Amino acid sequence: KIFQAVVSCIGSDGTIYIIPRLFETALNKLMAEIQNTFRGLGLLIPYCWKKGEACVVRGSDTLWYRGKIVEVGGSTLQVQYIDRGYMESIPQCHLYPTTFYTGIPPFCIPCQLYKTLPIGNSWQQDAVDYLQELLNNEEVEIHVEELPDNPWGKLSISLYFGGMSLSSFMAYQKYCVAGDGQDTQKLELFEGDLSSSYVLQPLPVPGETFPVIVTHLVSPKEVYICLDSSENLTKQSDTERAAGHGSESLNKALKWCNKIVKSFPHLKNFKKELPCLAEYIDGVWYRAKLLSITQLVPVQILVQFVDYGTYLVAPTSRLRHIPCHLLKYPVRAVRVLLAGFKPTAGDRNVERIPYSPEWSLKALWTMMDCVEGKRLSASILTVSPEVTISLYGDDQNLVHLKLIEMGLAEWDE
């Protein structure tokens with residue numbers, strides 16, 4: 001069985017406590033009921049607590065939770081929050097014995113990684129700390145591998161965060177080793193094959209109008225577009241819907257990668273078109289590909305961010321190997337040519353785009369004003385030898401009309 005869950009706690013022994021998303025409504029309802037039933041302080045008179053006894057415990061957030069006495073001794077008791085998994089030493093005045101709600105099973109499930117052997121046969125403190133920092137309160141995907149012999153035992157699972165296997169990642173970090181029977185191919189975090197490449201974005205059929213956003217302009221005629229999955233949700237084609245779902249999954253995967261990217265290996269091979277992760281000027285890491293070495297001392301690499309079309313010259317310190325699972329998502333940005341207009345054969349004294357001198361800089365700025373942050377739509381005219389489109393503004397007029405009106409471009413039949 002495969003389901004989504006939130007990691008509520010990592011136990012001191014490395015036990016992973018999860019709350020399935022399907023349980024959240026029932027848990028919230030129970031919590032509301034407990035708050036209405038128990039008000040004020042805990043039990044203020046002497047009481048002889050017993051190990052394993054059910055109780056409600058007042059947390060540091062002043063809410064009441066279901067609990068179980070784990071250890072008795074002195075003025076404080078070791079209590080486990082049975083719907084969260086974590087344990088705390090609690091003063092007796094913050095507890096209340098109860099037989100209410102004992103017929104409802106705990107909402108959190110204790111889990112262990114399937115056929116994964118911690119170094120030293122038990123999870124070391126630094127590994128537990130790392131798991132807590134990585135997973136606490138995060139949504140993950142759970143694959144049930146083996147049920148426990150004892151109903152109160154631990155569920156054996158494979159856990160995936162942002163598409164990455166936790167067992168693979170912890171093994172890569174040298175915290176554990178994969179046991180017998182694990183699929184070694186699934187455990188490969190980083191692509192070793194230098195011929196690997198990204199999957200291309202499937203395009204709508206020619207003639208069909210679809211919403212787009214422009215992510216980068218090379219010149220007024222050459223731009224990069226992304227399918228805009230936020231528009232016209234009810235009228236979307238299968239291609240647009242797939243792009244929307246893929247973008248959401250990719251965003252989650254990249255969010256996770258940004259959390260752990262410093263542990264990824266640096267690039268040692270600089271083959272052209274090689275997929276990688278690159279850090280943009282905003283400090284966020286994105287999917288990219290290598291284009292060329294622009295400087296040898298120190299080494300500077302020209303990369304292109306494949307989901308936007310933008311370029312950056314970056315030092316090797318801002319490049320990392322890309323995890324295999326990030327290659328399965330199609331690239332978002334598609335390079336296209338805009339049909340219907342061409343540069344004017346006008347005054348050569350105006351400032352020109354250095355890499356595309358047939359166009360003036362004023363034409364580029366004008367086109368940027370026409371498309372940046374705008375709701376646009378497109379229709380594919382040809383896909384070979386270049387993807388050529390007609391691009392329309394939110395007024396349904398061709399975006400290049402303004403350039404023609406200003407004398408910065410002319411009609412091209």
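A residue is exposed when its relative accessible area is over 50% and buried when that area is under 20%, with partly exposed in between. The legends below describe close-up views of a predicted model.

**Figure 1. Asn137 and Lys115, two loop residues other than glycine with positive phi.** Asn137 sits in the loop that links helix H2 (125–135) to strand E10 (139–146). Because its relative accessibility is 61%, Asn137 counts as exposed. Its phi is near 65 degrees. Lys115 occupies the loop between E8 and strand E9 (116–118), and its phi is about 45 degrees. With a relative accessible area of 39%, Lys115 is partly exposed. Most residues other than glycine have a negative phi.

**Figure 2. Surroundings of Ser156 in strand E11.** Strand E11 covers residues 155–161 and includes Ser156. Ser156 is classed as buried because its relative accessibility is 6%, and the cut-off for that class is under 20%. The side chain of Ser156 makes a polar contact of 3.2 Å with the side chain of Gln112. Apart from neighbours within four places in sequence, the contacts of Ser156 are Gln112, Tyr114, His143, Val144, Glu145 and Glu146.

**Figure 3. Lys259 in helix H4 and its contacts with Glu133 and Leu134.** Helix H4 spans residues 238–260 and contains Lys259. Lys259 is partly exposed, its relative accessible area being 39%. Two backbone oxygens are approached by the side chain of Lys259: that of Glu133 at 3.5 Å, and that of Leu134, which lies 2.8 Å from a polar atom of this side chain. When residues up to four places away in sequence are not counted, Lys259 touches Glu133, Leu134 and Glu138. Between the C-alpha atoms of Lys259 and Arg320 the separation is 14 Å, although these residues are 61 apart along the chain.

**Figure 4. Strand E3 and its pairing with E4 and E7.** Which strands pair with E3 in the antiparallel sense? E4 does so over five bridges, and strand E7 (residues 95–97) does so over three bridges. In the E3 and E4 pair, Val56 has Arg66 of E4 as its bridge partner. In the E3 and E7 pair, Val57 is matched with Leu95 of E7. The hairpin of E3 and E4 has five residues between the strands, and Thr62 in this hairpin takes a positive phi near 70 degrees. The UniProt record, an unreviewed entry, places a "domain: Tudor" feature at residues 48–105 and 269–329. Over residues 48–105 the chain is 0% helix and 50% strand, with the end C-alpha atoms 25 Å apart.

**Figure 5. The largest pocket and its lining.** The volume of the largest pocket is about 1000 Å³. Its lining comprises 42 residues, and those nearest its centre are Tyr17, Gln80, Ile82, Pro106 and Cys108. Two or more lining residues come from each of strand E1 (2–10), strand E3 (54–58), strand E4 (64–73), strand E5 (76–81) and strand E8 (109–113).

**Figure 6. The open five-stranded sheet E19-E18-E17-E16-E20.** The pairing in this sheet is antiparallel. Strand E19 (311–315) and strand E20 (319–320) are the edge strands, each pairing on one side only. Strand E16 (residues 275–279) is joined to strand E17 (residues 285–295) over five bridges in the antiparallel sense, and Leu277 has Arg287 of E17 as its bridge partner. Over residues 269–329, the chain is 0% helix and 48% strand, and the end C-alpha atoms are 23 Å apart.

**Figure 7. Two cis peptide bonds that precede Pro298 and Pro385.** The bond from Val297 to Pro298 is cis, with omega near -15 degrees. Pro298 lies in the loop between E17 and strand E18 (300–305). The bond joining Ser384 and Pro385 is likewise cis, with omega about 0 degrees. Pro385 is located in the loop between strand E25 (376–382) and strand E26 (388–392). Most peptide bonds are trans.

**Figure 8. Helix H5 and the glycine that follows.** Helix H5 covers residues 361–371, and its buried residues include Leu361, Ala363, Leu364, Thr366, Met367, Cys370 and Val371. After H5 comes Gly373, with a positive phi near 70 degrees.

Conventions:
Residues are numbered from 1 along each chain as its sequence is written. This is a predicted model: local features need pLDDT of at least 70, side-chain atom pairs count only at pLDDT 80 or more; totals for chains, interfaces and linings use all residues. Side-chain values use heavy atoms; hydrogens and water are left out. Helices (H or I, at least four residues) and strands (E, at least two) are DSSP runs, numbered from the N terminus. Buried means under 20% relative accessible area, exposed over 50%, partly exposed in between (1.4 Å probe, protein chains only). A polar contact is a pair of N or O atoms within 3.5 Å; within protein, one must be able to donate a hydrogen and the other to accept it, and residues adjacent in sequence count only if both atoms are side-chain atoms. Contact means heavy atoms within 4.5 Å. UniProt positions are given in the numbering used here, feature names are shortened, and annotations may be inferred rather than shown by experiment. Two strands pair if DSSP finds at least two bridges between them. On a 1 Å grid over the protein atoms alone, a cavity is a set of points where a 1.4 Å probe fits but cannot get out, and a pocket is an open set with protein on both sides within 12 Å along at least five of seven lines; lining residues have an atom within 4 Å of a point. Grid points are joined across faces, edges and corners, and a volume is the space filled by probe spheres set on the points.
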